[in-house]
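Thanks for sending this one over. Here are my notes, set out point by point so that you can follow along in your viewer.

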Amino acid sequence: MFIQLEAFCVQPLTGREFCAGRPLVCTQPSRWQLQAFSRRQLSVRTGSTLRMSSAGGTVAADIDYRSVPDVLKEILRRKQQEVASLKAEVAQAGAEHPLQRRLDAAAAGQIPKSRQFSSAIRKPKGSISVIAEIKRRSPSSGLIAEIPDVRQLSDLYYNGGAAAISVLTDAAFDGTLDDLQTVVKHQQKFRGRYPGPCPVLRKDFIIDEIQIAEAAERGAAAVLLIVAAIGEAGLRKLLEATHRHGLEALVEIHDEEELEIAKAAGAEIIGTNARDLRTFNVDLNRCFELIGRYPPNVIPVAESGIHDVMDAWRLRDAGYSSILVGEALIRAAESSKLPSNAYQSSFNEAYGLLRAFTSKGSTKFGPISTTRIFGKGEGAKESLGYLEM
Ligand SMILES: O=P(O)(O)OC[C@@H](O)[C@@H](O)c1c[nH]c2ccccc12
């Protein structure tokens, strides 16, 4: 049996950014994506109601939470195989392999530490920087955009005022290390300008030093270390390795316990991920709850589920120094089809969104004009795709 999923707008939506959320555009949601819809309280965010109907009747959102897969576990299993084959390849090539040379140089303490990433994203209270992400696909959203040329998007991010660029290099997100290297190289054209090239973050599931060597080899300035994936001992080890390789780490946490682990390990940049990587549910409130527990010397970053300018300003007012945004920017960039070189242009909605995120607006008065407005009428209906039962 197929169930059709629809979202009904019960209030007019005022701007495209307010309906850029995944539920309105996702096709063929799986069972656990549905769970994400209901948890994220679509109705609160957009004034829409999630309804499921089949053959005219309404079906209750009856979701079996036990069938929700642990997405992170699945990814980590694959990651272990990838790392094992990379290590075998390096071992076979011996001391001449570029990664082996890098590992040796790091072990000998020959690599100076760069502060590029932290200097770019650190902001005084009252301002916020954006780490703009290049993300083609995600396990929860499916395909977001093909992004045939990451160079154009990285130009757009630089021109829009992004402080840094995050590049997903994992296969589940259709990302590669070549993407990362291309962005690093292409950003070099901004050398000598103010600000200089955006430093690049390798966004992946790092479980071994060799992946840090790989990131450094391709020109990354920072790597993501996920506490939920590597635990306390793993974090200490990999944080040290990151510094040995001259890089910085964005340490990702999701709850109080993980924050304590990050603090104890001496993390300098800590990101609260509003998305639970085990289930992919997004709850931005996590960021507001945890900011009070950050130590004063750490750079606080809010990650995931940031869709509009009000999210950004509220996070800024709560004390975040930086926000990491992927899907909302990609969708905005892709939706601007005109003019033909829209990626270069300030007509691009992603450009407007980026500028608005970092502008000095106030949550009290709200945005006056951020990007071009695409109004949606009251009672508009969007299809969410079909679910096979
Ligand atoms: O696309 P969003 O909702 O703006 O989220 C971006 C980023 O936070 C997300 O891609 C992310 C955060 N932590 C991760 C760890 C692995 C893969 C992806 C992620």
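1. Let me start with the ligand, keeping in mind that this is a predicted model. By class, the shell around the ligand holds six charged, five nonpolar and four polar residues. That shell numbers 15 residues, of which Glu303, Ser304, Leu324, Gly326 and Glu327 come nearest.

2. Which elements supply at least two residues each to the shell around the ligand? They are strand β13 (322-325) and helix α13 (327-335).

3. Helix α13 also turns up on the other side of my list, as one of the elements against which the buried residues of α6 pack. The others are α7, α14 (349-358) and the strands β4 (129-134) and β7 (164-168). On the α6 side, the buried residues are Val150, Leu153, Ser154, Leu156, Tyr157 and Tyr158. Just past the end of this helix, have a look at Gly161, which takes a positive phi of about 95°.

4. The pair α6 (residues 150-159) and α7 (residues 177-187) deserves a closer look. Their axes lie 9 Å apart and the helices pack at an angle of about 50°, so the two are oblique to each other. The crossing of α6 past α7 is right-handed. From α6, the contact draws on Val150, Arg151, Ser154 and Tyr158, which meet Asp179, Thr182, Val183, His186 and Gln187 of α7. Sorted by class, the residues of this contact come out as four polar, three nonpolar and two charged.

5. A second helix pair is worth setting beside it. Helix α9 (residues 227-244) packs on helix α10 (residues 256-264) at an angle of about 40°, with axes 10 Å apart; these helices are therefore oblique to each other. Here the crossing is left-handed. Val227, Ala228, Glu232 and Leu235 of α9 meet Glu258, Ile261 and Ala262 of α10. This contact comprises five nonpolar and two charged residues, with no polar ones.

6. Finally, the chain as a whole. How many helices and strands does the chain have? There are 14 helices and 14 strands. Of its 389 residues, 44% count as buried. Among contacts in the chain with a separation of 6 or more, 70% come from residues 24 or more positions apart.

How values were computed
Residues are numbered from 1 along each chain as its sequence is written. This is a predicted model: local features need pLDDT of at least 70, side-chain atom pairs count only at pLDDT 80 or more; totals for chains, interfaces and linings use all residues. Axes are lines fitted to C-alpha atoms, for helices over the stretch in contact, and angles run from 0 to 180 degrees between N-to-C directions. Helices (H or I, at least four residues) and strands (E, at least two) are DSSP runs, numbered from the N terminus. Angles under 35 degrees count as roughly parallel, over 145 as roughly antiparallel, 65 to 115 as roughly perpendicular and the rest as oblique. A crossing is left-handed if the near helix is turned anticlockwise from the far one by less than a right angle, and right-handed if clockwise. Two residues are in contact if their C-beta atoms, placed from the backbone, lie within 7 Å. Ala, Val, Leu, Ile, Met, Phe, Trp, Tyr, Cys and Pro count as nonpolar, Asp, Glu, Lys and Arg as charged, and the others, Gly among them, as polar. A residue is near a molecule or strand if its C-beta atom, placed from the backbone, lies within 6 Å of it. A residue is buried if 20 or more other C-beta atoms lie within 10 Å of its own, exposed if 12 or fewer, and partly exposed in between; C-beta atoms are placed from the backbone.
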